[in-house]
Amino acid sequence: MRFPKTSAILLAALTLAACKTDTEFDERGGFKIARSPCPAAAIPTYTGDITLFDPPAERRVEAIDVTAAIANLKSACTDSRGATQVQLRVDFDVFARRANAGAARTVTLPYFATVLRAGTEIQAKQLGTVTIEFPAGQLRGAAHASATAVVNRAAATLPPEVLEKINRKRKAGDADAALDPMNEPSVREAVNQANFELLVGFQLSESQLAYNAAR
């Protein structure tokens, strides 16, 4: 996946909350952490829709030719006991609209699927295309697509010593009874490094990404 040099847009597109770790304080004085090695699936900011213009360099509303958006992102994780790898498959729909109904038309749109670790580290990527068929006389078209990610299970699993720090029972009155272990830099870094995400979006040019960000 090729990203624009505009750092502000890049940061916005890649910054996602780690959504497969849940931490809460229990009444017995311990923290309970529930997490899975399965990657989270998400659509990065500004990459979930695409606009094609005619002519391509134009950016006036009157020149919009086709618009499309990714929707219904669904994920299914395969995490077999004893397996060294975890696989995530995502399925999604693409809904498109063209400006003018006319003869039957086919439009092919590129998309990416990127495995991200710790919020910023690209581990793998794949590029694909989805083909939209516009029937004659119809303004709307749709298609279905999918992508997969494979992650090393050990890398996505917290070390035992980190889990012990997080889940250690704390008694009322202890100096650290009310302290969140996630505030400890080493624990926070370990959790961050164990977080993987599969990001799916349209493969946009720099000008297309800038157009989405400016809207």
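A residue counts as exposed when its relative accessible area is over 50%, and as buried when that area is under 20%. By this rule Arg215, with a relative accessible area of 56%, is exposed. The structure described here is a predicted model. The protein contains four helices and ten strands, and 39% of its 215 residues are buried.

**Overall organisation**

- Read from the N terminus, the elements follow the order α-β-β-β-β-β-β-β-β-β-α-α-β-α.
- Of the contacts between residues at least 6 apart in sequence, 68% join residues at least 24 apart.
- The protein exposes about 11,700 Å², and carbon and sulfur atoms supply 52% of this area.

**Nonpolar cores**

- In soluble globular proteins, nonpolar side chains tend to be buried together.
- The largest nonpolar core of this model has 29 residues, and those with the most contacts inside it are Val94, Leu109, Leu198 and Phe202.
- Two or more residues of this core come from each of strand 5 (64-78), strand 6 (85-98), strand 7 (105-117), strand 8 (121-134), strand 9 and strand 10 (196-202).
- Another core, of seven residues, lies apart from the largest one and includes Leu158, Val162, Val187 and Val191.
- Beyond residues up to four places away in sequence, Val94 touches Ala68, Ala69, Ile70, Leu109, Val130, Ile132, Gly141, Ala142, Ala143 and Phe202.

**Helix 3**

- In helix 3 (residues 185-193), the buried residues are Val187, Ala190 and Val191.
- These residues lie on the same side of helix 3, because they cover an arc of only 95 degrees around the axis.

**Two buried positions**

- Ala147 belongs to strand 9 (residues 140-152); its relative accessible area is 3%, so Ala147 is buried.
- Outside its neighbours within four places in sequence, Ala147 is in contact with Leu88, Arg89, Val90, Ala113, Gln126 and Leu198.
- The C-alpha atoms of Ala147 and Leu127 are separated by 9.2 Å, the two residues being 20 residues apart along the chain.
- Thr47 is placed in the loop between strand 3 (40-42) and strand 4 (49-53), and at 6% relative accessibility Thr47 counts as buried.
- A polar atom of the Thr47 side chain lies 2.9 Å from the backbone oxygen of Pro44.
- Not counting residues up to four places away in sequence, Thr47 touches Ile70, Phe112, Val200, Gly201, Phe202, Leu204 and Leu209.

**Salt bridges**

- Side chains of opposite charge can pair when their charged atoms come close.
- The structure holds six salt bridges.
- One of them joins Arg215 and Asp49, whose closest N and O atoms are 2.3 Å apart.
- This pair links distant parts of the chain, 166 residues apart: Arg215 is in the segment after helix 4 (206-214), and Asp49 is in strand 4.
- Asp49 counts as partly exposed, at 22% relative accessibility.
- Asp65 and Arg105 form a salt bridge in which the closest N and O atoms are 2.7 Å apart.
- Because Asp65 lies in strand 5 and Arg105 in strand 7, this pair ties together parts that are 40 residues apart in sequence.
- Asp65 counts as buried at 17% relative accessibility, whereas Arg105, at 29%, counts as partly exposed.
- Glu58, Arg60 and Glu62 are joined into one network by salt bridges that share partners.
- Within this network, the side chains of Arg60 and Glu62 meet at 3.4 Å, N to O.
- Arg60 is partly exposed, with a relative accessible area of 44%, while Glu62 is exposed, with 63%.

Definitions and conventions
Residues are numbered from 1 along each chain as its sequence is written. This is a predicted model: local features need pLDDT of at least 70, side-chain atom pairs count only at pLDDT 80 or more; totals for chains, interfaces and linings use all residues. Side-chain values use heavy atoms; hydrogens and water are left out. Buried means under 20% relative accessible area, exposed over 50%, partly exposed in between (1.4 Å probe, protein chains only). Contact means heavy atoms within 4.5 Å. Accessible areas come from the Shrake-Rupley method with a 1.4 Å probe; for residues, only the protein chains shown count as cover. A polar contact is a pair of N or O atoms within 3.5 Å; within protein, one must be able to donate a hydrogen and the other to accept it, and residues adjacent in sequence count only if both atoms are side-chain atoms. The arc is that of the directions from the helix axis to the C-beta atoms. A nonpolar core is a set of buried Ala, Val, Leu, Ile, Met, Phe, Trp, Tyr and Cys residues joined through side-chain atoms within 4.5 Å. A salt bridge is a side-chain nitrogen of Lys or Arg within 4 Å of a carboxyl oxygen of Asp or Glu.
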